[in-house]
Amino acid sequence: MNITVSGYYGFHNTGDEAIALAISRELAARGHSALLLSREPEHTRLAYGCASAARMNPLALVQSLLGAQMLWSGGGGLLQDKTSARNLTYYLALIRGAHLLGRRVVVFNQSIGPLSLEGGVRVARVLNRGRTNVIVRDRASLETLEHLGVQARLGGDPALLLSPSADTVADRNTVVLAPRGDVQDANAGLKDLTRSLQEKGRRVVALSFHPSVDDEAARSLGADEVISTADPLLALNTIAAAGYVVGVRLHAVILAAAAGVSFAGVSYDPKVAGFCADAGAPSVPTTFEAAQVCGLVMKNTAPDWAQVQAMKERAKESFDWALEG
């Protein structure tokens with residue numbers, strides 16, 4: 001089966017690239033072909049060994065839908081209008097286009113929202129029309145859709161299915177901090193946290209998940225090492241080699257869960273708190289006290305690993321649900 005997948009691919013954001021890698025691998029393992037819509041189709045094709053098309057080229061979009069039996073919208077946090085109403089318009093237009101062409105649609109392991117009142121009405125209108133199977137990656141999104149009158153199923157982020165290199169060795173003395181360049185109040189706390197951890201003998205690695213956005217923030221923390229990458233496997237291996245992760249970036253904590261490394265989230269967005277809640281892991285607001293988070297690290301405060309395993313199992317099963325629906 002040919003499946004066109006829409007997401008925030010080709011923007012060199014490690015989290016979204018981790019989703020792209022996981023989806024392309026899982027579909028290939030099941031004997032299906034993915035076509036990823038991307039800002040940089042050639043890079044995406046070479047990186048993930050699958051077809052790709054330009055996400056903003058109308059002809060390419062139509063051709064990608066005509067050549068597919070299904071459209072998967074996601075993963076990621078696509079159906080929201082917090083950052084821009086244009087994002088919501090784009091992803092809903094793709095779903096409507098697939099409906100018009102008679103293609104099956106799966107909203108695949110997305111976080112839904114934040115949505116304005118108007119945005120919520122638009123999402124409900126589109127998702128309740130046509131052949132649409134809705135799978136979300138966190139319980140908060142399930143509740144959001146329930147309030148909108150949209151039926152959905154709880155899955156899990158595809159990146160949970162990635163595994164670090166077999167030769168990666170964890171150093172419990174290393175702490176990975178993953179900032180967001182555009183969340184300044186969290187960055188101030190991370191600087192204090194870096195100093196506190198170093199005073200207690202911890203080695204701090206600042207991991208930039210979106211180089212064009214996060215590099216300056218990562219360099220400003222005063223960490224012992226700064227790693228800037230859009231390669232999801234390098235990010236995953238960096239995390240797997242650590243003893244603890246504190247992430248503003250959602251996929252820093254998701255990849256920590258994938259690698260079996262304890263973590264705490266800094267919730268600049270409900271999706272971070274939602275993931276941590278589902279995993280039984282701590283999360284703090286962006287205006288956190290460094291001493292509090294330092295305490296979590298020093299105590300190695302862990303998630304509920306049984307809940308993390310359940311999330312991984314749902315992520316795996318969600319591929320079967322999407323293909324069967």
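Let me begin with a term that I will lean on throughout: two strands are said to pair if DSSP finds at least two bridges between them. With that in hand, and bearing in mind that what we are looking at is a predicted model, take Leu37, which stands opposite Ala53 in strand E3. That position belongs to the pairing of E2 with E3, which is in the parallel sense and runs over four bridges. The same two strands, E2 and E3, together with helix H2, residues 41-48, make a right-handed β-α-β unit.

Now let me widen the view to the sheet in which these strands sit. It is an open sheet of seven strands, with parallel pairing, and the order is E3-E2-E1-E4-E5-E6-E7. At its edges are E3, residues 51-54, and E7, residues 153-154, each of which pairs on one side only. Helix H1 packs on this sheet, where it touches E1, E2, E4 and strand E5, residues 104-110, and the direction of H1 makes about 170° with that of E1.

I would like to spend a moment on E1, residues 2-9, because an angle over 145 degrees counts as roughly antiparallel, and the value of about 170° between H1 and E1 is one such case. Strand E1 is itself mostly covered, in that six of its eight residues are buried. Towards E2, which spans residues 33-38, E1 pairs in the parallel sense over five bridges, and within that pairing Thr4 stands opposite Leu35 in E2. Towards E4, which spans residues 70-73, E1 also runs parallel, and here four bridges join the two strands. Among the bridge partners in E4 are Met70, which goes with Ile3, and Trp72, which goes with Val5. The connection from E1 to E2 involves helix H1, residues 14-29, and these three elements make a right-handed β-α-β unit.

Let me turn to the second sheet. It is an open sheet too, made of six strands in the order E10-E9-E8-E11-E12-E13, and its pairing is parallel. The edge strands in this case are E10, residues 225-228, and E13, residues 283-285, each pairing on one side only. From one strand to the next, the twist averages 20°.

Within this sheet, E11, residues 244-247, and E12, residues 263-267, run parallel and are joined by three bridges, and the partner of Val245 in E12 is Phe263. Helix H10, residues 250-259, packs on the sheet and touches E8, E11 and E12, with its direction at about 160° to that of E12. Helix H9, residues 232-240, lies across E8, E9, E10 and E11, and runs at about 160° to E9.

Finally, a helix pair. How do H7 and H12 cross, and at roughly what angle? The axes of H7, residues 184-199, and H12, residues 290-298, come within 9 Å and cross at roughly 50°, and the two helices are therefore oblique to each other. The crossing in which H7 passes H12 is right-handed. As for the residues that meet there, H7 contributes Gly189, Asp192, Leu193, Ser196 and Leu197, while H12 contributes Ala290, Val293, Cys294, Val297 and Met298.

Technical notes: Residues are numbered from 1 along each chain as its sequence is written. This is a predicted model: local features need pLDDT of at least 70, side-chain atom pairs count only at pLDDT 80 or more; totals for chains, interfaces and linings use all residues. Side-chain values use heavy atoms; hydrogens and water are left out. Buried means under 20% relative accessible area, exposed over 50%, partly exposed in between (1.4 Å probe, protein chains only). A crossover is right-handed if, with the strands pointing away from the viewer, the path from the first strand over the helix to the second runs clockwise. Axes are lines fitted to C-alpha atoms, for helices over the stretch in contact, and angles run from 0 to 180 degrees between N-to-C directions. Angles under 35 degrees count as roughly parallel, over 145 as roughly antiparallel, 65 to 115 as roughly perpendicular and the rest as oblique. A crossing is left-handed if the near helix is turned anticlockwise from the far one by less than a right angle, and right-handed if clockwise. Contact means heavy atoms within 4.5 Å.
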